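Me: I keep reading labels like "buried" or "irregular" without seeing where they come from. Can we take one structure and go through the reasoning?

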Amino acid sequence: MFGRERVEYKTPEQVAVMRRAGLVVADALDAVRDALAPGMTTAQLDAVAEDVITSRGGTPSFLGYHGYPASLCVSVNDEIVHGIPGARVLQPGDVVSVDCGAVVDGWHGDSAFTVVLDPADPADVELAATTEDAMWAGIAALATGDRLSVVGEAVEDVVEAAAARASAAPFGIVEDYVGHGIGTAMHQPPDVPNFRTRDRGLKLRPGLCVAVEPMLVRGSQENHTLADDWTVVTDDGSRAAHWEHTVAILEDGVVVLTARDGGAARLRALGVEVAAL
Ligand code: MF3
Ligand code: CO
């Protein structure tokens with residue numbers, strides 16, 4: 001974890017280009033959200049996202065990444081991340097995680113959300129909501145904290161608080177996949193774990209841009225990759241959720257590059273004012 005490889009610190013001008021990439025991703029995910037319904041195939045969602053990205057002058061960053069064949073990852077039910085879009089028809093009650101990345105003028109944005117289609121099981125809705133809350137708590141911690149390890153602490157706090165409230169089994173935090181630095185590449189140092197670590201991690205300073213992306217499961221976090229070499233599923237078949245935003249740390253605070261409002265509404269509710277871009 002927390003390898004001390006070279007970190008790419010961005011200038012405010014570079015962050016402004018990343019904001020453009022972030023808004024392309026936000027537009028693509030909004031279009032997918034509008035289209036999402038039982039009866040759709042995951043390949044149809046991929047086409048929706050690809051259209052928006054290219055028509056807005058971006059390039060889908062997932063397409064061709066280590067041979068990945070699509071512009072979105074669509075991970076359904078027990079699929080945690082990296083589900084490949086295809087002929088699968090979405091069903092009522094499905095837990096659907098949609099992950100999207102785009103490059104604009106050489107700079108990346110990366111974001112994901114989870115929805116439950118016509119929810120049948122309230123615990124699925126709680127899973128998706130807790131994962132989103134954990135992401136926002138992690139982002140807020142970047143605004144107030146001094147070291148990267150504050151993200152994992154905040155995520156764990158949210159998961160523990162949910163466990164204390166809930167009637168269902170406590171949610172597991174996936175540890176095999178983590179958030180990451182982002183900039184001229186989609187994945188850069190530093191790693192951003194979603195769990196407590198002994199190492200306090202990199203000191204936070206202006207110019208650091210990271211993707212915060214907790215993945216929670218209703219059962220055990222143990223997982224494996226399917227024969228397609230991409231799709232990551234839970235070993236116990238329990239359902240998973242994944243939320244992600246690309247965040248910039250600036251001189252006077254953080255701004256969420258893949259949120260249309262820069263994260264203002266969700267962060268204000270956590271006592272954090274977003275920085276001006
Ligand atoms: N966007 C994912 C992440 O959050 C990575 C997608 S891998 C790809 O880091 F192959 F689909 F591009
Ligand atoms: Co990511």
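Me: Why is E132 called buried?
Reply: This is a predicted model, and in it E132 has 19% relative accessibility. Buried means under 20%, so at 19% E132 counts as buried.

Me: What is E132 in contact with, leaving aside its neighbours within four places in sequence?
Reply: E132 is in contact with W243 and R266. Those contacts are heavy atoms within 4.5 Å. E132 itself is found in helix α3.

Me: Where does helix α3 lie?
Reply: Helix α3, residues 122-144, lies across β10 and β13, and runs at about 30° to β13.

Me: What makes β6 and β13 edge strands?
Reply: Each of them pairs on one side only. The open sheet has 3 strands in the order β6-β10-β13, with antiparallel pairing. β6 covers 172-173 and β13 covers 240-242.

Me: How do you know that β10 and β13 are paired?
Reply: Two strands pair if there are at least two bridges between them. Strand β10 (residues 215-217) is joined to β13 by 3 bridges, so the pair qualifies. L216, for instance, has A241 in β13 as its bridge partner.

Me: Which residues touch the most other members of the largest nonpolar core?
Reply: L36, I139 and L142 do, in a core of 59 residues. Helix α3 gives the most to this core, with 9 residues. Leaving aside neighbours within four places in sequence, I139 is in contact with V212, H245, V247, V254, V256 and L267. Another core, of 11 residues, lies apart from the largest one, and V15, I182, C209 and A275 are among its members.

Me: On to the metal. Which residues coordinate the cobalt ion (ligand 2)?
Reply: D110 (OD), H180 (NE2), E213 (OE) and E244 (OE) coordinate the cobalt ion, at 2.0 to 2.4 Å. Donors have to be within 2.8 Å of the metal, so atoms at 2.0 to 2.4 Å make the cut. Along the chain these donors follow the spacing D-x69-H-x32-E-x30-E.

Me: What makes the site of the cobalt ion (ligand 2) irregular?
Reply: The angles among its 6 donor atoms go from 54 to 176°. Six donors count as octahedral if opposite donors are over 155 degrees apart and all others between 65 and 115. An angle of 54° fits neither range, so the site is irregular.

Me: How many residues apart are D110 and E244?
Reply: They are 134 residues apart, so the pair links distant parts of the chain: D110 is in strand β5 (residues 107-116), while E244 is in the loop between β13 and β14.

Me: Why do D110 and E244 count as buried?
Reply: Because D110 is at 2% relative accessibility and E244 is at 0%. The cut-off is under 20%.

Me: Why is strand β4 called mostly covered?
Reply: Of its 10 residues, 10 are buried. V95, S97, D99, G101 and V103 point one way from β4, V96, V98, C100, A102 and V104 point the other way, and all are buried.

Me: Which strands does β4 pair with, and over how many bridges?
Reply: Strand β1 (residues 59-60) is joined to β4 by 2 bridges and runs antiparallel to it. That reaches the required at least two. Strand β2 (residues 72-76) pairs with β4 over 5 bridges, and β5 does so over 10, again in the antiparallel sense. As for bridge partners in β4, P60 has A102 and S75 has S97. V104 stands opposite W107 in β5.

Me: What is unusual about the phi of H66, and is H66 buried or exposed?
Reply: Most residues other than glycine have a negative phi. H66 is not a glycine, yet its phi is positive, at about 45°. H66 lies in the loop between β1 and β2. Exposed means over 50%, so at 66% relative accessibility H66 counts as exposed.

Me: Where is D118, and what is its phi?
Reply: D118 sits in the loop between β5 and α3, with a positive phi near 35°. D105 has a positive phi too, near 50°, in the hairpin of β4 and β5.

Me: What makes the peptide bond from P189 to P190 cis?
Reply: Its omega is near 0°. P190 lies in strand β8, residues 188-192.

Notes
Residues numbered from 1 in each chain as written. Chains lettered and ligands numbered in written order. Predicted model: local features only at pLDDT ≥ 70, side-chain atom pairs only at ≥ 80, totals over all residues. Heavy atoms only, no water. Helix = DSSP H or I, 4+ residues; strand = E, 2+ residues; numbered from the N terminus. Axes fitted to C-alpha atoms, helices over the stretch in contact; angles between N-to-C directions. Buried < 20%, exposed > 50% of the residue type's maximum accessible area, 1.4 Å probe, protein only. Core = buried A, V, L, I, M, F, W, Y, C linked by side-chain atoms within 4.5 Å. Donors = N, O, S within 2.8 Å, 3.2 Å for Na, K, Ca; no water. Tetrahedral: all angles 85-135°; square planar, octahedral: opposite > 155°, others 65-115°.
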